[in-house]
Amino acid sequence: MLRSRKSIRSKSRRAAIPLICLGLTGYFGYHVFHGDHGLVGWQRLSAEKSDAQIRLTILKAKEAELESRVSLLRSETLDPDMLDERARALLNYSGENEVVLFEQ
């Protein structure tokens with residue numbers, strides 16, 4: 001009986017290192033695919049990156065449009081007569097000697 005206990009202990013010690021290595025391999029193997037920095041996480045980050053690039057393109061287009069509209073309001077390019085005409089139309093003002101024609 002003493003001999004069988006020693007043989008069981010020695011077999012279990014010999015099996016411990018391969019089992020630990022197998023467990024570590026399984027752990028790291030799982031996280032290679034499913035961890036935050038694994039393949040699934042990489043695919044998710046790639047999708048987020050492409051979405052962010054699309055949003056950036058849209059925002060740059062909006063910025064360019066707003067820049068062009070602002071450039072029309074600069075004093076170098078602003079036509080005072082057109083400004084006066086638009087202000088009167090928006091504010092519904094007219095001068096004393098002016099005739100207002102309404103378009104239909």
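Colleague: Is Lys-49 buried, partly exposed or exposed in this model?
Modeller: In this predicted model, Lys-49 has its place in helix 2. Its relative accessibility is 54%, and the class of exposed residues begins over 50%. Lys-49 therefore counts as exposed.

Colleague: How far apart in space are Lys-49 and Ala-87, C-alpha to C-alpha?
Modeller: Along the sequence, Lys-49 and Ala-87 are 38 residues apart. In space, taken from C-alpha to C-alpha, the separation of Lys-49 and Ala-87 is 45 Å.

Colleague: Which class of exposure does Asp-51 have, and how far in space is Asp-51 from Arg-88?
Modeller: Asp-51 has its place in helix 2, which covers residues 39–71. At 45% relative accessibility, Asp-51 counts as partly exposed. Asp-51 and Arg-88 are 37 residues apart in sequence, and their C-alpha atoms are separated in space by 44 Å.

Colleague: What is the pattern of secondary structure along the chain?
Modeller: The secondary structure comes to three helices and zero strands. Read along the sequence, the chain therefore has no strand to place between its helices, and the pattern is α-α-α.

Colleague: What radius of gyration does the chain have, set against a compact globule of 104 residues?
Modeller: The C-alpha atoms fill a box of roughly 125 × 30 × 20 Å along the principal axes. Of the 104 residues, 3% count as buried, and the accessible surface comes to about 10300 Å², with 61% of that surface belonging to carbon and sulfur atoms. A compact globule of 104 residues would have a radius of gyration near 13 Å, whereas the chain has 38 Å.

Colleague: How many salt bridges does a search of the whole structure find, and which residue forms one with Glu-48?
Modeller: The search of the whole structure finds two salt bridges. In one of them, the closest N and O atoms are 3.5 Å apart, and the two residues both lie in helix 2, four residues apart, or about one turn of the helix. Glu-48 is partly exposed, with a relative accessible area of 41%, and its partner, at 42% relative accessibility, also counts as partly exposed. That partner is Arg-44.

Colleague: What is the distance between the closest N and O atoms in the salt bridge of Asp-84 with Arg-88?
Modeller: Because Asp-84 and Arg-88 are four residues apart in helix 3, about one helical turn separates them. Asp-84 counts as partly exposed at 39% relative accessibility, and Arg-88 is partly exposed with a relative accessible area of 28%. The closest N and O atoms of this salt bridge are 3.1 Å apart.

Colleague: What span should helix 3 have, and what is the distance between its end C-alpha atoms?
Modeller: Helix 3 holds twelve residues, 80–91, and at 1.5 Å a residue its expected span is 16 Å. Just after helix 3, Asn-92 takes a positive phi of about 60°. The end C-alpha atoms of helix 3 agree with the expected span, being apart by 16 Å.

Colleague: Which residues make the nonpolar surface patch of about 450 Å²?
Modeller: A residue of such a patch needs over 30% relative accessible area. Leu-24, placed in helix 1 (residues 2–34), is partly exposed at 45%, while Tyr-27 counts as partly exposed at 48% and Phe-28 is exposed at 52%. The patch is made by Ile-20, Leu-24, Tyr-27 and Phe-28.

Colleague: What is the geometry of the aromatic pair found in the search of the whole structure?
Modeller: The search finds one aromatic pair. Tyr-27 and Phe-28 form this pair, with 5.2 Å from centre to centre and 75° between the planes. Because planes over 60 degrees apart fall in that class, the pair is edge-to-face.

Colleague: Where does Arg-74 lie, and how far is Arg-74 in space from Ala-61?
Modeller: Arg-74 lies in the loop between helix 2 and helix 3. At 40% relative accessibility, Arg-74 counts as partly exposed. Arg-74 and Ala-61 are 13 residues apart in sequence, and from C-alpha to C-alpha their separation in space is 21 Å.

Methods:
Residues numbered from 1 in each chain as written. Predicted model: local features only at pLDDT ≥ 70, side-chain atom pairs only at ≥ 80, totals over all residues. Heavy atoms only, no water. Patch = residues over 30% accessible without salt bridge, like charges linked within 9 Å, V, L, I, M, F, W, Y side chains within 5 Å. Areas by Shrake-Rupley, 256 points an atom, 1.4 Å probe, with all protein chains shown as cover. Salt bridge = Lys/Arg side-chain N within 4 Å of Asp/Glu carboxyl O. Buried < 20%, exposed > 50% of the residue type's maximum accessible area, 1.4 Å probe, protein only. Phe/Tyr/Trp six-rings, centres within 6.5 Å; stacked < 30°, edge-to-face > 60°. Expected span 1.5 Å × (residues − 1). Rg over C-alpha atoms; globule rule 2.2 N^0.38 Å.
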